[in-house]
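Hi,

Here is the structure I promised to pass on to you. Have a look at it first, and then read my notes underneath.

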Amino acid sequence: MCAAICVSVFFLGLAGCKTKADSSQPNTKDAPFMSAVTVAPPQAADEAPPPEKTGGFDGKRAYAQVAKQVSFGPRPSGSPAIAKTQDYILAELKSYGCAAEVDSFSADTPAGRLPMKNILVKIPGEKPGVILLGTHYDTKRLENFVGADDGGSSTGVMLELARLLCSQHGRYAVWIAFFDGEEAVRPEWKDPDNCYGSREMAARFAISGDLTKIKAFLLADIVGTRTPHFKRETYSTKALVDLVWGVAKRLGYGSIFVDESSAVEDDHQSFLKRRVPSVDVIDLDNGPGGDVFYWHTPEDTLDKISPKTLAIVGHVFLESVKELQAK
Ligand SMILES: [Zn+2]
């Protein structure tokens, strides 16, 4: 994804990003320490609350899902590591009793034609209408980039949501999408070199007629940082932003789901373009000293991820789904 703030970084080219990561004094100095933290358990302040405090959502389990993905290494579209990730996601979903469909397709990219897979969990409802949740699970093509937060965190949250939701049948169906190919293959974010998976799924839904059944699309991306501030994403549908931010405030997370705004291009746009009400929950504060200062650098590692943040996001998604089920 790309925010207004990252455009300027991208215009400098990849070298600009790398320079930013490598020349940052604290990062360089902390590097060996950070590596040590990677294998250590999260710090006390990042511990997940007990699941009963977050609607049953288990932040520890979501964190373990991030760790598992990171263990596969860099996971760009078409790589052997993403194939392992796909097998893992499908095996997890099966173990929860989720019905999952796989759409294997190929996408023409600047790196040639790449095989991609979208995975879609379908939990039936009693009435027509679908609440769609989504994440991307591919990681950016960068050397030594394991995407703990960018790709890993939201996928960990969606796996944990699938574990909880697959056994519940509500008024409306809940579908959970795991998109391939969100990341631009080139270093810079320039259409149409991005959002391959979500574009494919939205196009398929348009043909099948499923598109008109979707009442809301809730996207999560980069949701695991230790000091989260989710700003209202301005391309998103205002009514849905209000719903999600209202839920967060009611649950006591008003200092995390803040009333500032920022514009981020992401998978939700594939659906917004087709008039599906959509919201993106993302923390892309990637400036110096920002929450995700490590964005699109090899520093996006497991030690940046807080089980507590994952639990908060999971709680907000669970309650938002409940609220949408009641409408
Ligand atoms: Zn990214």
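Below is what I found, going from the chain as a whole to the zinc site, the aromatic rings and a few single residues.

One thing to keep in mind from the start: this is a predicted model.

**The chain overall**

There are 10 helices and 10 strands in the chain. Of its 327 residues, 56% are buried. If you take the contacts with a separation of 6 or more, 78% of them are between residues 24 or more positions apart.

**The zinc site**

Which residues hold the zinc ion? Its protein donors are Asp150 (OD), Glu183 (OE, listed twice) and His296 (NE2), at 1.8 to 2.7 Å from the ion. Along the sequence, the spacing of these donor residues reads D-x32-E-x112-H. Aspartate 150 sits in helix H6 (residues 148-165), while histidine 296 is in the loop between strand S10 (278-282) and helix H10 (307-325), so to speak two distant parts of the chain that are linked across 146 residues. The geometry is irregular, because the 4 donor atoms subtend angles of 53 to 153° around the zinc ion. For a tetrahedral site, all angles would have to lie between 85 and 135 degrees.

Both ends of that long link are buried: aspartate 150 has a relative accessible area of 1%, and histidine 296 comes out at 6%.

Aspartate 150 has a further partner. Its side chain makes a polar contact of 3.1 Å with the side chain of histidine 136. Histidine 136 is in strand S4 (residues 130-136), and with a relative accessible area of 1% this histidine is buried too. The side chain of histidine 136 also makes a polar contact with that of aspartate 138, at 2.9 Å. If you are looking at the zinc site on screen, I'd keep histidine 136 in view, given its contact with the donor residue aspartate 150.

**Aromatic rings**

How many aromatic pairs does a search of the whole structure find? The search gives 9. One of them is phenylalanine 72 with tyrosine 88, an edge-to-face pair with 6.0 Å between the centres and 65° between the planes. Phenylalanine 72 is in the loop between helix H4 (59-71) and helix H5 (80-95), and tyrosine 88 is in helix H5 itself, 16 residues apart. Phenylalanine 72 has 19% relative accessibility, which is under the 20% cut-off and therefore counts as buried. Tyrosine 88 is buried as well, at 17%.

Then there is phenylalanine 217 with phenylalanine 271. The ring centres are 4.7 Å apart and the planes are at 55°, so this pair is tilted. Phenylalanine 217 belongs to strand S6 (residues 214-221) and phenylalanine 271 to helix H9, so the pair ties together parts 54 residues apart in sequence. Phenylalanine 217 has a relative accessible area of 0% and is buried, and phenylalanine 271 is likewise buried at 0%.

Those two rings belong to a cluster: ring pairs link Trp175, Phe179, Phe205, Phe217 and Phe271. Tryptophan 175 in that cluster also has a lysine over its face, namely lysine 122, at 4.5 Å from the ring centre. Elsewhere, lysine 304 lies over the face of tyrosine 294, at 5.8 Å from the ring centre.

**Serine 270**

Helix H9 (residues 268-272) also contains serine 270. Is serine 270 buried or exposed? Its relative accessibility is 8%, so serine 270 counts as buried. The side chain of serine 270 makes a polar contact of 2.8 Å with the side chain of serine 198. Leaving aside residues up to four places away in sequence, serine 270 touches Cys195, Ser198, Arg199 and Ala202.

**Leucine 90**

Leucine 90 is in helix H5, the helix that also holds tyrosine 88. With a relative accessible area of 26%, leucine 90 is partly exposed. Its contacts, again not counting residues up to four places away in sequence, are Ala100, Val102 and Ile119. For isoleucine 119, which is 29 residues from leucine 90 along the chain, the C-alpha atoms of the two are separated by 7.9 Å.

That's my list; over to you.

Cheers

Methods. Residues are numbered from 1 along each chain as its sequence is written. This is a predicted model: local features need pLDDT of at least 70, side-chain atom pairs count only at pLDDT 80 or more; totals for chains, interfaces and linings use all residues. Side-chain values use heavy atoms; hydrogens and water are left out. Helices (H or I, at least four residues) and strands (E, at least two) are DSSP runs, numbered from the N terminus. Buried means under 20% relative accessible area, exposed over 50%, partly exposed in between (1.4 Å probe, protein chains only). A polar contact is a pair of N or O atoms within 3.5 Å; within protein, one must be able to donate a hydrogen and the other to accept it, and residues adjacent in sequence count only if both atoms are side-chain atoms. Contact means heavy atoms within 4.5 Å. Donors are N, O and S atoms within 2.8 Å of the metal (3.2 Å for Na, K and Ca); water is not among the atoms, so sites may look incomplete. Four donors count as tetrahedral if all angles lie between 85 and 135 degrees; four count as square planar and six as octahedral if opposite donors are over 155 degrees apart and all others between 65 and 115; anything else is irregular. Rings of Phe, Tyr and Trp (its six-membered ring) pair if their centres lie within 6.5 Å; planes under 30 degrees apart count as stacked, over 60 as edge-to-face and the rest as tilted. A charge sits over a ring if NZ of Lys or CZ of Arg is within 6 Å of the ring centre and within 35 degrees of the ring normal.
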